[in-house]
Amino acid sequence: MTLNTFQFNTTPGLRFGSGQAKDSCKEISKKLGPRILFITDKGLMSLGLTKPTIEELNKIGSVEIFDEVESDPSQKILLSAIDIGKKFNATGVIGFGGGSSMDVA
């Protein structure tokens, strides 16, 4: 499996507070494009913590959810996320949750 080149961009600022993920979706979409691969875990999905952000992103573009992240994710999980991102033709990736989601993203 080959991995195409990509850019890794960090944001010039950090936002903290209730609703910031949802409120930042327009800016996120401008930076990451219209097709977002949203990487998280089943626990956050079941708690509904991802719902407001996913709904807002879907208003702006298209979101593919990968919620198979586990603690200390395996290479198999990583490759699965990459495969889904490629099939979806993702223009950007968001890691939502703890360190494992960030690692996979």
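Me: On a 1 Å grid over the protein atoms alone, a cavity is a set of points where a 1.4 Å probe fits but cannot get out. How much space lies in the largest cavity?

Reply: Rolling a probe the size of a water molecule over the atoms shows where empty space is left. Before the answer, note that this is a predicted model, in which local features need pLDDT of at least 70, side-chain atom pairs count only at pLDDT 80 or more, and totals for chains, interfaces and linings use all residues. Residues are numbered from 1 along each chain as its sequence is written, and side-chain values use heavy atoms, without hydrogens and water. Searching the whole structure gives one cavity of 30 Å³ or more. The largest cavity holds about 40 Å³ of space, where a volume is the space filled by probe spheres set on grid points joined across faces, edges and corners.

Me: Which residues line the largest cavity?

Reply: A lining residue has an atom within 4 Å of a point. Here the lining consists of Ser29, Gly33, Pro34, Ile36, Leu57, Ile60, Gly61, Ser62 and Val63. Helix α4 and strand β2 each supply at least two of these residues; helices (H or I, at least four residues) and strands (E, at least two) are DSSP runs, numbered from the N terminus.

Me: Leu57 belongs to that lining, so let's look at its helix. Which residues of α4 are buried, and which are exposed?

Reply: Buried means under 20% relative accessible area, exposed over 50%, and partly exposed in between (1.4 Å probe, protein chains only). In α4, residues 51–60, the buried ones are Thr53, Ile54, Glu56 and Leu57. These four sit on the same side of α4 because they cover an arc of only 165° around the axis, the arc being that of the directions from the helix axis to the C-beta atoms. Lys51 and Lys59 are exposed on the other side of α4.

Me: What covers the buried residues of α4?

Reply: Contact means heavy atoms within 4.5 Å. The cover includes helices α1 (20–23), α2 (25–32) and α3 (42–47), along with strands β1 (35–39), β2 (62–66) and β3 (92–95). The helix lies across all three of β1, β2 and β3, at about 145° to β2; axes are lines fitted to C-alpha atoms, for helices over the stretch in contact, and angles run from 0 to 180 degrees between N-to-C directions.

Me: In what order do the strands form the sheet?

Reply: Two strands pair if DSSP finds at least two bridges between them. The three strands form an open sheet ordered β2-β1-β3, with parallel pairing. Since β2 and β3 stand at the edges with a single partner strand each, one side of each has no neighbour in the sheet. On average, neighbouring strands are turned by 25° against each other, direction ignored. Five bridges join β1 to β2, with leucine 37 partnered by glutamate 64 of β2. Four bridges join β1 to β3, and isoleucine 36 stands opposite glycine 92 in β3. Four of the five residues of β1 are buried.

Me: Is serine 101 buried or exposed, and which residues is it in contact with?

Reply: Serine 101 is in helix α6 (residues 99–104) and is buried, with a relative accessible area of 1%. Leaving aside neighbours within four places in sequence, serine 101 is in contact with Ile39, Thr40, Asp41, Val69, Gly95 and Phe96. Glutamate 27, in helix α2, is partly exposed at 32% relative accessible area.

Key:
On a 1 Å grid over the protein atoms alone, a cavity is a set of points where a 1.4 Å probe fits but cannot get out, and a pocket is an open set with protein on both sides within 12 Å along at least five of seven lines; lining residues have an atom within 4 Å of a point.
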